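This report describes selected backbone and packing features of the structure shown below.

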Amino acid sequence: MGATRRLALALLWLAVLALLGALIAPRVQLSGDLRKFMPAPQTPAQKLLIDELGEGPGSRLLLVALSGDSPQTLAAQSQGMRERLLAPSPRVATFKLVANGGDVGLDAIPQGLRPYRYLLSPTLDTQRFDAAFLRAQLDARVQDLGSPAAAMIEPLLPSDPTLETLTLAQAWQPANAPQRLHGVWFDRAGREALLAVETHAAGFDPQGQQAAVDAIHAAFDAVRGDTKTRLTLSGPGAFSVEIGTRTAREASLIGTLDSIVFVLLLWIAYRSWKAPLLGGLPLVSAGLAGLGAVALAFDGVHGITVAFGFTLIGVVQDYPIHLFSHQRAGVSPWASARALWPTLGTGVASTCIAYATFLVSGVDGLQQLAVFTVVGLATAALATRFVLPALIDPAPRDAAESVWLARCWTALARWPRMGVVAASVLAAIAVAVIAFAPGAFWQNDLARLTPVPAPALARDAQLRGELGAPDVRYVIALQAPDSERALRASERLRPALEALRADTVIAGFDFAARYLPSAATQRARQAALPKDDVLRAALADAMTGGPFNEDAFADFLRDVARARAAKPLAPADVAGTPLAASVEGLLLQREGHATALVALSGLRDPAAVARVAQAHGAQLLDLKQASESLVAQYRERVLWALALAAVLLAGAVWFALRSPRRVLRVLAPMALTTLLILAVLRGLGVELNLFHLVSLILAAGLGLDYALFFDHAGDDRAEQLRTLHAVIVCSLTTLLVFALLATSSIPVLRAIGGTVALGVVFNFVLALLIVRAPVREAA
């Protein structure tokens with residue numbers, strides 16, 4: 001095939017890849033839902049944790065602090081930001097709630113809920129609308145009209161002389177709200193204006209959280225003017241945006257450096273500008289094929305699958321390198337590919353079998369990763385075998401003729417061989433280090449994987465404390481068949497919680513029934529409302545001798561009559577109102593099941609609270625322990641998948657080589673490398689996480705690849721030199737890629753990079769020492 005036809009074929013391949021990319025792109029719906037990488041929850045705490053990770057208000061909460069100027073200025077800016085964030089605009093659906101303490105008044109209760117104020121307010125639990133009570137209320141209103149609060153009281157008076165509207169507005173403020181200065185929330189020192197913002201987008205929705213963060217910054221820029229005010233933004237959504245930005249920045253930098261390294265190494269190794277371009281085609285093909293397979297097989301592609309999947313299939317860059325290094329004059333590229341195929345196919349099949357075990361893990365994210373990697377590896381291998389030979393120069397230089405390579409190979413021949421005894425001793429030392437190294441073996445704390453700086457986490461904790469945000473670890477859960485019975489159960493628990501607060505066991509609590517009482521409680525309050533004629537008589541008696549006109553409270557009589565005949569409010573009736581944010585976060589409704597949550601703050605004695613909760617048919621849930629148990633379950637799934645992968649991989653190698661001695665020789669470097677990686681990590685005090693485990697499969701695949709090709713070289717010195725050349729180029733490109741990842745500030749990338757970089761070094765050295773002894777050149 002002439003150079004022109006090879007160029008045309010390469011361009012055709014690129015065109016096909018571009019077409020595939022255009023077809024796949026509309027089908028790819030990226031997801032950031034961490035629940036896809038978690039096993040199915042089993043315990044109530046685990047189920048609540050999964051709900052909270054996905055849809056809970058805790059994952060949607062953003063904390064805002066304004067500082068650096070006078071309290072008056074900060075208060076005005078806080079109000080300005082709230083108005084802008086809630087103003088009708090294309091961004092109106094971005095936020096469910098914007099609270100800054102400035103909504104205590106008429107605006108706190110939507111117009112549609114005001115007739116229900118007598119059913120929602122606790123006043124009728126202890127009072128009756130008799131003449132004495134109404135007279136006291138009217139006397140108080142006369143005093144109010146002569147006070148600075150008259151402007152707020154006067155519009156309410158005709159329909160609400162008992163001020164149930166303001167009672168509710170104050171009762172619905174957060175249970176441990178911060179102090180109010182100049183009409184808005186401030187910290188204890190009075191130096192920072194505070195806002196709590198709840199987004200419509202879930203915490204795992206990167207686009208939605210980015211839009212919310214951008215909207216907050218835009219509102220701040222609009223109200224800041226030429227003041228010195230500083231904005232602090234915290235919370236899960238803000239952290240996810242920061243992490244995403246930093247990850248994208250680091251990934252872009254590392255990807256750029258990797259590309260430069262790949263191009264330079266292949267150009268130096270093969271003295272051809274074509275090698276880097278042709279070598280990249282199988283890699284791009286693998287990525288597109290894997291992405292397309294996941295998009296077709298699953299409902300949405302997880303971002304971790306894409307990021308980690310492309311990292312894993314980075315091993316496919318070795319396939320064209322082996323083909324390039326085994327090229328020589330007099331042998332067509334097709335013949336070289338055909339000769340390499342049994343060895344290359346064995347390595348690919350073994351690695352694919354290892355990853356395919358994730359398909360039985362029961363974890364959606366791992367299944368996506370398996371499909372992505374298996375399809376990608378298979379595509380790259382087939383492209384290298386059946387397409388790439390048509391593009392390669394049929395008469396390249398022969399790596400076996402390299403003088404420096406021959407000298408290197410001769411020097412390696414002097415290395416002491418590693419026999420069974422030496423390998424066993426090394427394995428025993430590694431096992432001893434793994435078993436007896438001090439410190440925890442596994443890392444179960446998901447928070448340890450976050451790249452958020454410690455000062456930012458401390459600042460977030462401080463803002464939560466100032467805003468009176470509930471404890472993020474402990475919560476009381478009451479299970480019930482429906483929302484009504486769940487609300488009743490939480491109301492029965494309230495006296496015990498009040499006693500705990502009085503004993504300073506907890507500083508405060510919050511539950512859905514504080515905002516939306518059960519239907520039973522609402523009906524009891526309805527029954528306490530006097531009939532129309534009774535109320536008229538009591539009101540007339542209370543007004544006797546007073547300054548109010550006889551018909552001044554006609555609206556009040558009408559509202560009481562409406563409340564007396566109204567149907568009790570249900571959770572669905574408050575949807576779309578400011579009340580919904582509080583109710584939905586504390587009352588979780590599923591088909592045939594409901595859970596009422598009690599958020600706690602200032603918890604000092606979890607054991608005492610657990611006893612009280614249990615005595616009332618509730619349960620104190622420890623979400624930290626739930627997350628750790630979920631991680632342990634996840635790890636168990638991965639370990640079983642790894643064990644199955646090891647058995648199947650060994651079986652695949654046995655089927656290909658059919659020689660016990662060769663099989664053991666090929667598998668020994670990979671197995672010993674796995675032990676050495678674990679020993680080094682444990683010796684350095686690294687607690688192993690899930691990403692270390694998954695990375696071990698990639699390191700094992702690389703070791704199997706090196707060992708198979710050294711075994712394939714046999715006793716032919718020229719073939720050994722070509723294999724050495726290929727393995728050196730492969731290991732250098734892989735080592736540099738993952739060494740860069742090991743320097744990342746992102747813990748996940750660092751875990752992957754460090755594990756695989758160690759694997760490359762150990763696999764290369766052990767493959768040389770164990771698999772095949774070099775043949776010395778004849779004198």
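Strand 11 and strand 12 form a hairpin with two residues between them, and Gly592 in the turn has a positive phi of about 75 degrees. Helices (H or I, at least four residues) and strands (E, at least two) are DSSP runs, numbered from the N terminus. The model is predicted: local features need pLDDT of at least 70, side-chain atom pairs count only at pLDDT 80 or more, and totals for chains, interfaces and linings use all residues. Residues are numbered from 1 along each chain as its sequence is written, and side-chain values use heavy atoms, with hydrogens and water left out.

Strand 11 (residues 587-590) pairs with strand 12 (residues 593-601) in the antiparallel sense over four bridges; pairing requires that DSSP finds at least two bridges between two strands. Gln589 has Ala594 of strand 12 as its bridge partner.

Most residues other than glycine have a negative phi. Two exceptions are tabulated with their accessibility, where buried means under 20% relative accessible area, exposed over 50%, and partly exposed in between (1.4 Å probe, protein chains only).

| Residue | Phi | Loop | Relative accessible area |
|---|---|---|---|
| His182 | about 55 degrees | between strand 4 (179-181) and strand 5 (184-186) | 48%, partly exposed |
| Arg271 | near 50 degrees | between helix 11 (236-270) and helix 12 (274-297) | 61%, exposed |
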